[in-house]
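Let's take a walk through this one together. Have the viewer ready and follow along as we go.

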Amino acid sequence: MRVRKYLKVYSKFLHTSLASELEYKTNIIIDLITAILSLIGSIFLLSIFFQNNNRIGGWEFEQALIIQGIYTILNGITNTWFNPNLTEIVKHIREGTLDFVLLKPIDSQFFISLKKINPSGFLEIILGFCLLLYCIKINQINFNLNILSLFFITIICSIFILYSLWFFISTTTIWFVKTWNATEVLRSFLYIGRFPLNSFSFSLRIFFSVFIPIAFITTIPSEVFLGLSQLWKIFLEILVALLFVSTSRKFWLFALKFYSSASS
Amino acid sequence: MEKNIIYVKNLSKSFDVSSKEPGLKGTIKHFFKRKTTSLKVIKNISFEIKEGEIVGFLGANGAGKTTILKMLCGLIYPTEGSISVSGYLPYRRKENFLKNITLIMGQKQQLLWDLPPIESFYLNASIYDLDKLEAKKRINKLSEMLEIDDDLFKPVRKLSLGQRMKSELLAALIHKPNILFLDEPTLGLDINAQRNLRNFLQKYNKETNATICLTSHYMKDITSLCKRVICVHNGSISYDGKLDLLLKKLSPVKEILIICRSESDAIKLEKSGFMVKNKRKNEITLKVENKSITSSLKAILNNFDIEDLYINEPPIDEIIGKILIKKDCSI
């Protein structure tokens, strides 16, 4: 019953936000062009890095394209769901419209995380998958059902880690009121995820694995895609994702006790 | 006899507030080291509200009216004291409690800006577990009561403030709440839109026996909707009781403008012992205590040759203005 209600509400969210976005045709066209140009630009940048080296951090250009593909999918998901919703949290808290969310008989985290959708991000997701299909061909990967399911598990974990990090930062708005800059910092860290983790120095690798888990977000799914990842890394990724999701959830519920609503 | 639906006992709320000295030096100091003080905005208040009652919360800006409403609907946690609304602790925000209440704020909106209001209504209907048929029935009924049938299909951004507020009301009432919290619902509306909204609320209260807690700076909202008012002054309750009793207490005299047939009658009346406010030719204005108004009128009509007379109530805004600055309005 509860699941059915949430599915029904989500279908309404999809319907209303698509209808809102489609009101502005030009904006969607500009977003679509930006997505295509951004992917071309990223591949060009990657090719410059590989111009004088066949391998960077043990990765060949054709293999590094897999990371680029995964990054593009994640960026698409970010632009489709996270960006329109999670940046709104700051606005909700600053302007006090979170009041309406909290007084609805529905989970507030579900409501503020999924209410909006930006359809132009879908193109990036499609482009990312197309790039991955191309990578299967050029890397001659023997793709089977096991790799495919493991790949999807790690990608879903990546999405949850990224979401939790972003949501965690946005939640701090309840105390600090303005945290737009922090989410921008997170986005720039995600850009780093376009490159193989091994291409960074040891200390940076530790930083990107422990503090900002970029390694878990792009590198591990890419290794799984190539059939190179060890099982413990996959388990670790699942564990990290569970930890991030449960912590961000608890943090949100804790933070709501301090919500003072904007003055009228 | 209606039963109590809202209980508030010894309720207090404190907020941490930071203060900043003026100028660049103050700004830099404020950036590195904030001076915060705990400010008690609601101080030990207690009251009860009956089912079906319409209660107006009166007070100056910053008196604490909205904070009380926000604690009643569960948006903010009280610092001390107990609170029960419809048998629930509001701040726990249980699903059944939330299905029973609604909050409407004149200065904030929940409608989807780029879409017609009807889309927001159906979205809310799905959140409140209403099936499409039931939702349609309720939308039709409420839109008829609010007279907004034609505006349901225009984008919200194209609607006037009055039409938007009516749509906000419909979106907030689609789940048939028993308790309505209204925070300045007529803010910025023109006179006709204000009157329509008040008429709707009266009708809604009569039809559903819903309890309404209302704050407003428009005195007409309070006088035409609320029999009972709670006056809030600096976070404390300065008066809780019937509005007409309060008005009588704060304004114990009425003014009577009397037009005599001749100037000599006016002079005689002036010297007869009544309290005279002013006199001009054959017109004289007297100040008479509320309790002796009937006997005074009888005496005037029997003893003087009167052409016409008018009884003037003092302007309500003036009286309410007195309430806002009074610490204690107890009778």
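What follows looks at the layout of chain B, then its contact with chain A, then some strand pairing.

Keep in mind that this is a predicted model. Start with the overall division of chain B: domain 1 covers 4–248, and domain 2 covers 253–312. If you take the C-alpha centres of these two domains of chain B, you'll find them 46 Å apart.

Now turn to where the chains meet. Chain B puts 27 residues into the contact, and chain A puts in 22 residues. On the chain B side, the elements that supply two or more residues are helix H2 (65–72), helix H3 (95–98), strand S5 (101–105) and helix H4 (117–127). Which of them gives the most? That's H4(B), with 5 residues. As for the chemistry of the side of chain B that touches chain A, its residues split into 14 nonpolar, 9 charged and 4 polar.

Next, hop over to domain 2 of chain B, which spans 253–312. A good strand to zoom in on here is S10 of chain B, residues 253–260. S10(B) pairs with strand S12 of chain B (residues 283–289) in the antiparallel sense, over 7 bridges. To find your place in that pairing, pick B:Leu257, whose bridge partner in S12(B) is B:Thr285.

S10(B) also pairs with strand S13 of chain B (residues 306–312). Those two run antiparallel as well, joined by 6 bridges. Here you can use B:Ile259 as the landmark, since B:Asp308 of S13(B) stands opposite. While you're looking at strands, remember that in a regular strand the side chains alternate between the two faces of the sheet.

Definitions and conventions
Residues numbered from 1 in each chain as written. Chains lettered and ligands numbered in written order. Predicted model: local features only at pLDDT ≥ 70, side-chain atom pairs only at ≥ 80, totals over all residues. Domains from an automatic or database assignment. Contact = placed C-beta atoms within 7 Å. Helix = DSSP H or I, 4+ residues; strand = E, 2+ residues; numbered from the N terminus. Nonpolar A, V, L, I, M, F, W, Y, C, P; charged D, E, K, R; others polar. Pairing = 2+ DSSP bridges.
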